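Student: Please take a close look at the salt bridges in this model. Tell me what they join and how accessible their residues are.

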Amino acid sequence: MGGCGGDTSDRIDPAEAPRISAPSDTAQGYPSIDESALNDPFPAPDLTLTTLEGEEIALRNTEGPVVLNFWATWCPPCRKEIPDLIDLQNEYGDRGLTLVGVSRDQEGESVVTPFVEDMEINYPIVVEKDNQLEETLGTVYALPTTVLISPEGQVTHSVMGLFDVDSLRDQLDAWIDAEEAVADRS
């Protein structure tokens, strides 16, 4: 798997990292969600993920959009986008978003759990040990990778590397607003 790496001197403290959505020179060039749209969306895998807390998330049975973020504790770009993911959970968690961090740390829970606690990550974390989710999606070639599943259960986008969080907000707003409009008509 390509993507992140480097020695520990390359690591940044995510609490001190600028938000990737903040207007700055470093935010330019991140792919927008539109640029990451798949030509042929496909059904979300029929898998149930178990979080660090033992909670189960059935991908096909979620209501609302799903954001899967593949990451690792040792990956500087992954660590950089965590504050934005925390913000997204705060903004959209009560509006139907299911945001799941999928750790690719080979050391497993022994390194992920303390990291999650230190970073005060507020969304569910899964430690993928068997690569089943990654193999089913077929879209994870580097870390971080963010995969979007529409409220209709279709894998619609895959972003390798950091993403433009404002374009992700636009996509989430469109999906959630459409669902709310349907619910209002019922």
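Tutor: Start with a definition: partly exposed means a relative accessible area between 20% and 50%, with buried under 20% and exposed over 50%. The model is a predicted one. It holds six salt bridges.

Take Glu91 and Arg169. They form a salt bridge, with 2.7 Å between the closest N and O atoms. Glu91 sits in helix H1 (residues 76–92) and Arg169 in helix H4 (residues 165–185), so the pair ties together parts 78 residues apart in sequence. Glu91 has 35% relative accessibility, so it counts as partly exposed. Arg169 has 14%, so it counts as buried.

Helix H4 also supplies Asp177, whose partner Arg95 lies in the loop between H1 and strand E5 (98–103). The closest N and O atoms of Asp177 and Arg95 are 3.1 Å apart in this salt bridge. This pair, too, links distant parts of the chain, 82 residues apart. Asp177 counts as partly exposed because its relative accessibility is 41%. Arg95, at 30%, counts as partly exposed as well. Both belong to a network of salt bridges that links Arg95, Asp173, Asp177 and Glu180.

Now Arg104 and Glu128. Their salt bridge has its closest N and O atoms 3.3 Å apart. Arg104 is in the loop between E5 and helix H2 (109–119). Glu128 is in the loop between strand E6 (125–127) and helix H3 (132–137). The two are 24 residues apart, and the pair links distant parts of the chain. Both Arg104 and Glu128 are buried.

Key:
Residues numbered from 1 in each chain as written. Predicted model: local features only at pLDDT ≥ 70, side-chain atom pairs only at ≥ 80, totals over all residues. Heavy atoms only, no water. Salt bridge = Lys/Arg side-chain N within 4 Å of Asp/Glu carboxyl O. Helix = DSSP H or I, 4+ residues; strand = E, 2+ residues; numbered from the N terminus. Buried < 20%, exposed > 50% of the residue type's maximum accessible area, 1.4 Å probe, protein only.
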